[in-house]
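Please examine the fold of this protein chain, with attention to how its helices pack and where selected residues sit. The report below goes through these topics in turn.

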Amino acid sequence: MGSHRNGFKKESYILSVDVGTTSIRCHVYDKEAKIRGSCSTKVVLLYPEVGHVEMDPDDLWKGFISVVKGAVQDAGIQMHQVEALGISTQRSTFTTWDRRTGVPFHNFISWQDQRAADLVKSWNRSCTMKAIHGAMKVLYFVTRQKRLLAASLIVFSTQHVTFRLVWVLTHYKQVCQAIDEGYCCFGTIDSWLLFKLTKGHLHATDYSNASSTGIFDSYQMCWMDHSLPMADQQAAMFGECCFDVGDVKITMGTGTFMDINTGSKPHTSVAGLYPLVGWKIGSEVVYLAEGNAADTGTAIKWAQKLELFSDVRETSTMAYSVSDSDGVCFVPSFSGLQAPLNDPKACASFMGLKPSTTKRHLVRAILESVAFRNKQLYETMLRETCIPITKIRVDGGVSSNDFVMQLTSDLFGKKIARPQHHEMSCLGAAFVAGLEVGFWRTREELKKLQSADDEFLPRCADKECTGSPNGEYVPILQSWERALRRSMNWYNKP
């Protein structure tokens, strides 16, 4: 495949951009899925008030354009050699804007934002919710449909767009006026980028982003048509070639996102796993069930700011330099606790500090907490889906930490594969875009392009790994779970 200019055949490429929580990255991929050029820039997060997390839409757009131009220049190619553009974006981060002028009414409100926490709590405790739960329990008793059982236990979360959007409608009069007069656009980051790229002609999203908002019915599939943008975790799943039922992908970046391929049917959860559309290609729809822990990379960066270490790459060595955390437990909940605990009012905390505690003990406790949350999500996934796990693959910046990955493998009792390149969201968006234009033809072809993996094998106390932790970690896990319970409901008003 190639393009012809002046009688010469030139190689063609796929361009892919990943708009993450902390950075925007662009890669140029060749036919072998090798990166030929790259460019990245930081995302500036704004904190106008306690619990508020925002991004400037114009800065995001400028950053997007700059990395695209930078990656093309770095690859030494011309723009006409690009066959397609794939876009992967962080999910559930949204803004509203004027359809006529393209001017945003407010900053992007991040998926990490907690401004609607009190509203979420109020609704979860309301008489309306109690009535819904009661009605669904009766219907489940009659029909035995698991979806109705899930509805009888459903609780709202600040990570879904719904209540943050309600907050916007309450606090921004110009948004309500624009809605009344018919010129208000709402969208997640993918929608905003498409609107800007098409100079206002296209206002759209795709199934993977839509299914992450909390205002899209993944069962009925009744929202937008499919387009080339893709939500970041679904893109990472595709980039890891987790195409088969039972394939598990764990992305460990700002937060941890654990996804399992559930095939052609959405999973109905009673513990907080979220049913998502993984991707829709042609008539095929693939679903995922996802659990997440919001503060993985956040906790590690916070520790770095406290000067517990200077280079993130030091942390694994620091953790291995001590035999244990000296009884110290860390609870990684700057943004509350997600599945299976689902407590937005939990606090981050260190417990068990003593005069003998050193920086190395603190770092080990932080890294252990990441693996412990992985174990919670994994056990919830096993218990709820009853799907045999076929493979586990990891990506994201924190996955480069050998201590975290080895402990996670030990706690799972499973082999974990880590690709040499950790930016799977970008690769997944490139794969989807490339398949769309025929740059790559089949998913089997994509699997053959995967690079060699690092593998972490469980170090079990006995010869057979059953998924139970080594004996040495049983009391440590129990102490950590006790610390977890004490951190819950911390921010509830007396």
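## Helix packing and residue environments

Helix α12 passes helix α13 in a right-handed crossing, where a crossing is called right-handed if the near helix is turned clockwise from the far one by less than a right angle, and left-handed if anticlockwise. The axes of α12 (residues 359-385) and α13 (residues 402-412) come within 9 Å and cross at roughly 40 degrees; such axes are lines fitted to C-alpha atoms, for helices over the stretch in contact, with angles running from 0 to 180 degrees between N-to-C directions. On the α12 side the contact is made by Arg364, Leu367, Glu368, Val370, Ala371, Phe372, Asn374, Lys375 and Tyr378, and on the α13 side by Phe403, Val404, Leu407, Thr408, Leu411 and Phe412, contact here meaning heavy atoms within 4.5 Å. Sorted by class, this contact has ten nonpolar, two polar and three charged residues, with Ala, Val, Leu, Ile, Met, Phe, Trp, Tyr, Cys and Pro counted as nonpolar, Asp, Glu, Lys and Arg as charged, and the others, Gly among them, as polar.

The model is predicted, and local features need pLDDT of at least 70, side-chain atom pairs count only at pLDDT 80 or more, and totals for chains, interfaces and linings use all residues. Residues are numbered from 1 along each chain as its sequence is written, and side-chain values use heavy atoms, with hydrogens and water left out.

A second helix pair is formed by α9 (residues 232-239) and α14 (residues 424-437), whose axes come within 6 Å and cross at roughly 75 degrees. The two helices are therefore roughly perpendicular to each other, given that angles under 35 degrees count as roughly parallel, over 145 as roughly antiparallel, 65 to 115 as roughly perpendicular and the rest as oblique. In α9, Asp232, Ala235, Ala236, Phe238 and Gly239 meet Met424, Ser425, Leu427, Gly428, Ala429, Phe431, Val432 and Leu435 in α14. By class, the contact of α9 with α14 has nine nonpolar, three polar and one charged residues.

For the chain as a whole, the secondary structure comes to 16 helices and 20 strands, which are DSSP runs numbered from the N terminus (helices H or I with at least four residues, strands E with at least two). Of the 494 residues, 55% count as buried, a term that means under 20% relative accessible area, with exposed over 50% and partly exposed in between (1.4 Å probe, protein chains only). Among contacts between residues at least 6 apart in sequence, 70% join residues at least 24 apart.

Asn261 lies in strand β13 (residues 256-263) and is buried, with a relative accessible area of 1%. The side chain of Asn261 reaches the backbone oxygen of Phe243 at 3.2 Å. Leaving aside neighbours within four places in sequence, the contacts of Asn261 include Met237, Cys242, Asp244, Trp279, Tyr287 and Ile387.

Trp302, found in helix α10 (residues 296-305), is partly exposed, with a relative accessible area of 28%. Apart from neighbours within four places in sequence, Trp302 is in contact with Phe330, Phe334, Phe350 and Ile366.

The loop between β16 (329-331) and β17 (349-351) holds Ser333, and Ser333 touches Asp295, Ala346, Cys347 and Ala348, not counting residues up to four places away in sequence. Pro340 also lies in the loop between β16 and β17, and the peptide bond from Ala339 to Pro340 is cis, with omega near 0 degrees.

The table collects four loop residues with their relative accessible areas.

| Residue | Loop | Relative accessible area |
|---|---|---|
| Ala33 | between β4 and β5 | 14%, buried |
| Ser92 | between β7 and β8 | 5%, buried |
| Thr268 | between β13 and β14 | 9%, buried |
| Ser333 | between β16 and β17 | 1%, buried |

Backbone geometry adds to this picture. Phi of Ala33 is near 65 degrees, a positive value in a residue other than glycine, and Ser92, likewise not a glycine, has a positive phi of about 60 degrees. The C-alpha atoms of Thr268 and Glu384 are separated by 8.5 Å, although these residues are 116 residues apart along the chain.

Notes. A polar contact is a pair of N or O atoms within 3.5 Å; within protein, one must be able to donate a hydrogen and the other to accept it, and residues adjacent in sequence count only if both atoms are side-chain atoms.
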